[in-house]
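Hi,

Here is the structure I promised to pass on. Have a look at it first, and my notes follow below.

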Amino acid sequence: MNAAPRADADPGLESLLAFWAMAGVDACYDDAPVDRTLRPTPILRARTAPASIARSQAAVQATSSADVDRDALGKARELAAAAETIEALAAAVAAFDGCPLKAAGARQAVFARGASDAPVLLIGEAPGADEDIQGLPFVGRAGKLLDRMLDAAGLTGRVFITNTVFWRPPGNRTPTTAEQQVCAPFLERAIELVNPRLLLLVGGASAKSMLGVGDGILSLRGRWFDWRSHNSDHVLPALPTLHPAFLLRQPGAKKKAWDDLLTLTERLDRPGGAT
Ligand code: URA
């Protein structure tokens, strides 16, 4: 869907594509385009998932943690360890070809924004459409809400913001464990370089991936956990909280997220440090 329209393209087709794009349908789930103008599409016929969706679900299931590409993981560890600054790490992420999301339609790598010596490192789920266009995390509607909340909590300028994966998953689906695992060396290196006092894990996909737990975010949020690096030589207090995209859908949950931010600032500003 990202291809530029041909000069001789049917204007009706162009306007249909524009309508779909505005409605958020901006990702293809099939390997090859399907010309649906060539055959009538039966309406309300299929009771099972269409073959293309079933195939993409099967592909996601096939990419479980057991299937993480060991070579790609090794390469990610090597590149991440060699980066001595956040800028070098951002360049290493952009050059890395081992995450399947990079070839799944993402426009560019989305690494991080914020102060590289921040006391709080915030980890979201994955870039969305706006982030994919701008190349920065949390810049869409959810990001604007997040910024307002961080500002109200006195955290502006004190947070380094990144995600569990650095390329937009097609159709904004949740990143798979394998995709998160192959990006993890870069995330761990970011934690080492920024050296924050606290981690804020935004949303269930972030909390589950960083803490290796299966519980839902509503039971994890607001409680402190120990995050451990893969070799356990780095341990940090980590606080799961609700994702701002969830808060946009469920404004009644904002109080819980606000309580979590107060829990975070209370520990951050506690005399004697965060530990
Ligand atoms: N949601 C996320 O989890 N991360 C982003 O960068 C944007 C939206």
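Let me start with strand β4 (residues 198-202), which is mostly covered, as five of its five residues are buried. Buried here means under 20% relative accessible area, with exposed being over 50% and partly exposed in between (1.4 Å probe, protein chains only). Strands (E, at least two residues) and helices (H or I, at least four) are DSSP runs, numbered from the N terminus.

Before I go on, the ground rules: this is a predicted model, local features need pLDDT of at least 70, side-chain atom pairs count only at pLDDT 80 or more, and totals for chains, interfaces and linings use all residues. Residues are numbered from 1 along each chain as its sequence is written, and side-chain values use heavy atoms, with hydrogens and water left out.

Back to the strands. From β4, L198, L200 and V202 point one way and L199 and L201 the other, and all of them are buried. β4 has parallel pairings with β2 (residues 120-124), over four bridges, and with β6 (residues 235-241), also through four bridges. Two strands count as paired if DSSP finds at least two bridges between them. L201 is a handy residue to click on: it is the bridge partner of I123, and its own partner in β6 is P240.

β3 (159-163) has a similar story. Five of the five residues of β3 are buried, so the rest of the structure largely encloses this strand. Both faces are covered, with V159, I161 and N163 on one side and F160 and T162 on the other. β2 and β3 run parallel, joined by five bridges, and G124 has N163 as its bridge partner there. Strand β1 (residues 113-114) runs antiparallel to β3, with two bridges between them; one pair to look for is G114 with F160.

I123 also turns up in a contact with a helix. Its backbone oxygen lies 2.8 Å from a polar atom of the S206 side chain. A polar contact is a pair of N or O atoms within 3.5 Å; within protein, one must be able to donate a hydrogen and the other to accept it, and residues adjacent in sequence count only if both atoms are side-chain atoms. S206 sits in helix α8 (residues 204-211) and is buried, at 0% relative accessibility.

Now the ligand. What surrounds the ligand? The residues are G124, E125, A126, P127, E131, P137, F138, N163 and H243, where being near a molecule takes a heavy atom within 4 Å of it. Three contacts are worth pulling up:

- An oxygen atom of the ligand is 2.8 Å from a polar backbone atom of E125.
- A nitrogen atom of the ligand is 2.8 Å from an N or O atom in the N163 side chain.
- An oxygen atom of the ligand is 2.8 Å from an N or O atom in the H243 side chain.

So that you can place them, G124 and N163 are the bridge partners from the β2 and β3 pairing.

Next, the second largest pocket, with a volume of about 710 Å³. Of its 29 lining residues, G128, A142, N172, H243 and A245 are the closest to the centre. The elements giving two or more residues to the lining are α5 (129-134), α6 (141-152) and α10 (244-249), and α10 gives the most, with four. By type, the lining splits into twelve nonpolar, nine polar and eight charged residues.

For the terms: a pocket is an open set of points on a 1 Å grid over the protein atoms alone, where a 1.4 Å probe fits, with protein on both sides within 12 Å along at least five of seven lines; lining residues have an atom within 4 Å of a point. Points are joined across faces, edges and corners, and the volume is the space filled by probe spheres set on them. Ala, Val, Leu, Ile, Met, Phe, Trp, Tyr, Cys and Pro count as nonpolar, Asp, Glu, Lys and Arg as charged, and the others, Gly among them, as polar.

Last, two backbone oddities. N172 has phi near 60 degrees, a positive value in a residue other than glycine. N172 lies in the loop between β3 and α7 (177-194) and is partly exposed, at 43% relative accessible area. S232 also has a positive phi near 60 degrees; its place is the loop between β5 (225-228) and β6, and S232 is partly exposed too, at 42%.

Cheers
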